[in-house]
Structure formats: C-alpha cells, structure tokens
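Student: Please take a close look at one part of this model with me, beginning at its start, and then carry on through its surroundings in one connected account.

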Amino acid sequence: MVRYIIPYIFLYLFYLPFRILPYRACLVYGRFLVCLLYPLAKKHRKIAYENISYAFPEYSDEKKKELVWKSFLHIGDLLAGTLFAPRLSRKWMDKYLVYDAESLAIEQKTIQDGVGVVLISGHFGTWEILVQFMGIRMKGGGIYKKVRNPYVDRLIHKLRSKNGIKLVSTEESSQVTKMLKQGYWVGFGSDQNAGKVGIFVDFFNRKASTYQGPALMAYLTGAKMLLYSVLCGEKGKVMVRVKDLGFVDKSAFSDREAAIRHYTEVWTKALEEEVKLYPEQYFWVHRRWRTKPGDFPGQT
C-alpha cells in the first residue's frame with residue numbers, strides 16, 4: 001500500500017494551502033503555480049495552440065498565442081476554484097456568485113417546477129464550483145469516475161460531496177435514471193473525447209466524438225436540459241449563465257437515435273456559443289478531437 005500512500009501525501013500537501021488560505025489569496029496562489037509551470041508545459045501549449053487554430057482560423061498567430069497564455073492563466077483560477085470549492089457556503093455564494101436576471105429566473109422556475117434536470121456543462125469556466133453549489137442551491141447529483149488509488153479516491157469523493165451533492169460512480173450509472181425521476185439535478189460534464197462509444201457532431205469546425213449520455217437520460221426520463229456556464233469574473237466573482245434547452249420532443253423524430261443525435265447537437269452547439277464569448281476560459285489543452293471519423297469502423 002506504500003505505492004498509494006506516498007502519492008496521497010504529496011497530493012494532500014499540494015491541496016493544503018487551498019484549505020487554509022482565503023479565497024482571493026487562493027486565486028493568486030493558483031495563478032502563481034501555473035506561471036511557474038508554464039515554461040515546462042511545451043507539449044500542452046502546443047495542443048492548446050493547435051486546438052485554438054482550428055477553432056478560430058481567422059485569428060492571427062499573435063492572437064492565438066495570446067489566447068494560449070490567457071487560457072493557461074485561467075487554469076490557475078480553475079485550480080484555485082477546484083481546491084477551494086469544498087469550502088463554499090451560502091455566505092460565500094451571496095458575496096461572489098453573480099447571475100444575470102434571465103439565468104436566475106430559469107433556475108428558480110425549474111426548482112419550483114420540481115422536475116428532474118440534466119444539467120450539462122463542460123470543461124469551461126470553473127466547473128468544480130458548479131459541482132459544489134449544486135449541493136447547496138438545488139437537489140444536486142453527479143457522476144464520478146473512481147480513482148485507482150483508494151486514498152486519493154476517498155479524498156476526492158469527500159471533497160466533491162462536501163456540500164451535499166449525491167455522487168454515484170460510473171459503475172452505478174443506472175442510478176442516474178432513478179435520480180432524475182426523483183427530481184434530482186444531475187450534472188454531466190460531457191465535452192471530453194468519447195472515443196469509440198460516442199457519436200460525431202460538429203464542435204468548432206471539426207467532427208468530435210461526443211457522449212450521448214445527457215440526451216439519452218433526458219429522452220428516457222423526461223428530464224429538462226439546462227446548460228450551465230460558471231465563469232471567472234473580476235475580483236473573484238463567479239458569473240453563472242443558464243441556457244434552457246427544454247425537454248426532448250419524442251414526437252418530432254422517427255426513432256430514439258435521431259432524437260438523441262439532435263439534442264446532442266443542440267447542447268454541443270450551445271456550449272460552443274458560450275465558449276466563443278469567453279474563449280480564454282475553455283480547457284484547450286485537452287484532446288477533445290483525438291478520435292477522428294474512420295478510427296472505429298461503424299461509428300457514426
């Protein structure tokens with residue numbers, strides 16, 4: 001078990017300052033750490049530059065490099081938000097969460113309606129803060145993938161569920177259907193490369209293998225689909241933007257596959273439009289387009 005304990009100790013020591021420092025200091029510290037690592041991150045800077053070049057071909061070389069730098073600075077904010085997030089409270093939310101009037105109205109009405117919600121987000125903004133306030137503001141649930149190291153897995157589970165969100169592992173994903181029917185808001189961060197299990201939809205000028213989970217769960221349960229963007233603002237503020245994607249209209253499609261493809265395209269396009277507004281806050285270093293058409297025979 002020593003091979004598990006040593007990495008756990010290192011991870012905990014890395015996390016410790018974010019457990020102690022005030023929120024605004026955590027943001028400064030997160031950016032400081034990223035600035036230290038930036039010169040060493042040549043591989044990931046290259047990935048970000050290539051992804052940005054596809055997404056914004058009209059940008060000059062100088063503007064692309066500037067966006068790479070800004071996106072790395074944002075990773076510092078993301079790191080700080082992720083590790084500070086378990087300390088969120090209603091007092092913190094009253095001070096730092098900022099809703100526009102339309103987004104707040106959508107959220108409040110959906111809570112009043114008491115329906116299950118497929119809450120769709122992406123690797124955009126400061127998404128772990130979303131995980132935490134879901135447990136405070138609404139009847140929140142989420143799916144997580146277990147980590148092989150049992151000590152690290154327990155720590156991550158404890159931190160993520162600190163504010164009341166109900167977590168189920170990917171091995172228990174059948175529970176998601178029950179939760180949605182019981183009125184839970186279940187979060188889906190589904191913009192990672194889906195490999196051979198995904199379907200191809202357009203995302204920033206390229207076909208991207210995309211998970212069908214959000215649209216499928218909405219189809220099976222009658223849950224409402226909402227797209228959340230939780231973004232870093234000035235002076236530590238966190239801006240919350242909500243887009244109402246509605247319910248699956250089964251009668252408009254010939255079969256389930258057609259419906260799921262359509263709504264997968266809908267939420268993917270909605271996410272793309274949000275990223276265009278705040279491109280420096282997207283996680284350009286992940287290989288979103290790694291799987292290409294033709295890599296797996298039969299994939300559509």
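Student: Where does Met1 lie?

Tutor: Met1 lies in the segment before α1, which runs over residues 2-20 (helices are DSSP runs of H or I with at least four residues, strands runs of E with at least two, numbered from the N terminus). This is a predicted model, in which local features need pLDDT of at least 70 and side-chain atom pairs 80 or more, while totals for chains, interfaces and linings use all residues. Residues are numbered from 1 along each chain as its sequence is written, and side-chain values use heavy atoms, without hydrogens and water.

Met1 is exposed, because its relative accessible area is 56% (exposed means over 50%, buried under 20%, partly exposed in between, with a 1.4 Å probe and protein chains only). A contrast to this is offered by Val248, which is buried, with a relative accessible area of 16%. Val248 belongs to the loop between β9 (238-246) and α11 (256-277), and, leaving aside residues up to four places away in sequence, Val248 touches Ala215, Ala218, Tyr219, Met225 and Tyr263 (heavy atoms within 4.5 Å). Between Val248 and Lys276 there are 26 Å in space, C-alpha to C-alpha, and 28 residues in sequence.

Two of those contacts of Val248, Ala215 and Ala218, bring us to α10 (213-221), which is also among the elements that cover the buried residues of α9, together with β2 (117-121), β3 (140-144), β4 (166-169) and β5 (185-189). In α9, residues 174-181, the buried residues are Val176, Met179 and Leu180. They sit on the same side of α9 because they cover an arc of only 95 degrees around the axis (taken from the directions from the helix axis to the C-beta atoms). Ser174 and Lys181, by contrast, are exposed on the other side of α9, and just after this helix Gly183 takes a positive phi of about 90 degrees.

Further along the chain is strand β6, residues 199-203, which is largely enclosed by the rest of the structure, because four of its five residues are buried. Its partner is strand β7, residues 206-210, with which β6 pairs in the antiparallel sense over five bridges (pairing needs at least two DSSP bridges); one of these bridges joins Asp202 to Lys207 in β7. The hairpin of β6 and β7 has two residues between the strands, and in this hairpin Phe204 takes a positive phi near 50 degrees.
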